Amino acid sequence: MMLPSKLRDLRKKNGLSQKELAEKLMTTQAKVASWENGDSVPDISYIAKLTVLYDVSADYLLKDDKQEGQTIMDRQNTKRLGRINSIYWTIVIAVYLLASIATGRWSTSWVLFILGGAIWLIGAGFHWINSTK
């Protein structure tokens, strides 16, 4: 939730009209309306008064909830990609070992690592392209 929505929700939750809030903050109703419409941002002195009035932190007012949610999603995606990479490379190593044991040629099976790395790079490239959109 963004600052204008938070200001509007907190005002309504506390049963205040824009005019009543303006009187408590010693400002104009037009200024309060401007904050709630997103046309302007309250200066730091009003943020301080709002935190006391509504008993919330300045971080709560000023921090965009979407950014925090996005950070959590990024961490989850990073863990997921780490698991996928681990599984992928475990399979590549298993194929290498099986091919080496089956053929008895340990020295020529290293080509499987190059092929596995190339496939991994292609997949990582596609992921990077999709994540930058």
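Visitor: How many cavities of 30 Å³ or more does a search of the whole structure find?

Guide: Rolling a probe the size of a water molecule over the atoms shows where empty space is left. On a 1 Å grid over the protein atoms alone, a cavity is a set of points where a 1.4 Å probe fits but cannot get out; lining residues have an atom within 4 Å of a point. Grid points are joined across faces, edges and corners, and a volume is the space filled by probe spheres set on the points. Here the search finds one cavity of 30 Å³ or more, and the largest has a volume of about 30 Å³. This is a predicted model: local features need pLDDT of at least 70, side-chain atom pairs count only at pLDDT 80 or more, and totals for chains, interfaces and linings use all residues. Residues are numbered from 1 along each chain as its sequence is written, and side-chain values use heavy atoms, with hydrogens and water left out.

Visitor: Which residues line the largest cavity?

Guide: Leu7, Leu21, Val32, Trp35, Glu36, Leu50 and Tyr54 do. Two or more of them come from each of α3 and α4, helices being DSSP runs (H or I, at least four residues) numbered from the N terminus. The largest share, three residues, belongs to α3.

Visitor: Which residues of α3 are buried?

Guide: Buried means under 20% relative accessible area (1.4 Å probe, protein chains only). In α3 this applies to Val32, Ala33, Ser34, Trp35 and Glu36. Their cover includes α1, α2 and α4. Just after α3, Gly38 has a positive phi of about 80°.

Visitor: Which residues touch the most other members of the largest nonpolar core?

Guide: A nonpolar core is a set of buried Ala, Val, Leu, Ile, Met, Phe, Trp, Tyr and Cys residues joined through side-chain atoms within 4.5 Å. The largest one has 14 residues, and Leu7, Leu21, Leu25, Trp35, Leu50, Tyr54 and Leu61 touch the most other members. Two or more residues each come from α1 (3-13), α2 (18-25), α3 (29-37) and α4 (44-54). α4 gives the most, with four residues. Leu50 is in contact (heavy atoms within 4.5 Å) with Leu7, Leu21, Leu25, Trp35, Pro42, Asp55 and Leu61, not counting residues up to four places away in sequence.

Visitor: What lines the largest pocket?

Guide: A pocket is an open set of points with protein on both sides within 12 Å along at least five of seven lines. The largest holds about 230 Å³ of space. Its lining is Leu81, Ile84, Asn85, Tyr88, Ile119, Trp120, Gly123, Ala124 and His127. α6 (65-103) and α7 (111-131) each supply at least two of these residues, and α7 gives the most, with five.

Note on methods. Buried means under 20% relative accessible area, exposed over 50%, partly exposed in between (1.4 Å probe, protein chains only).
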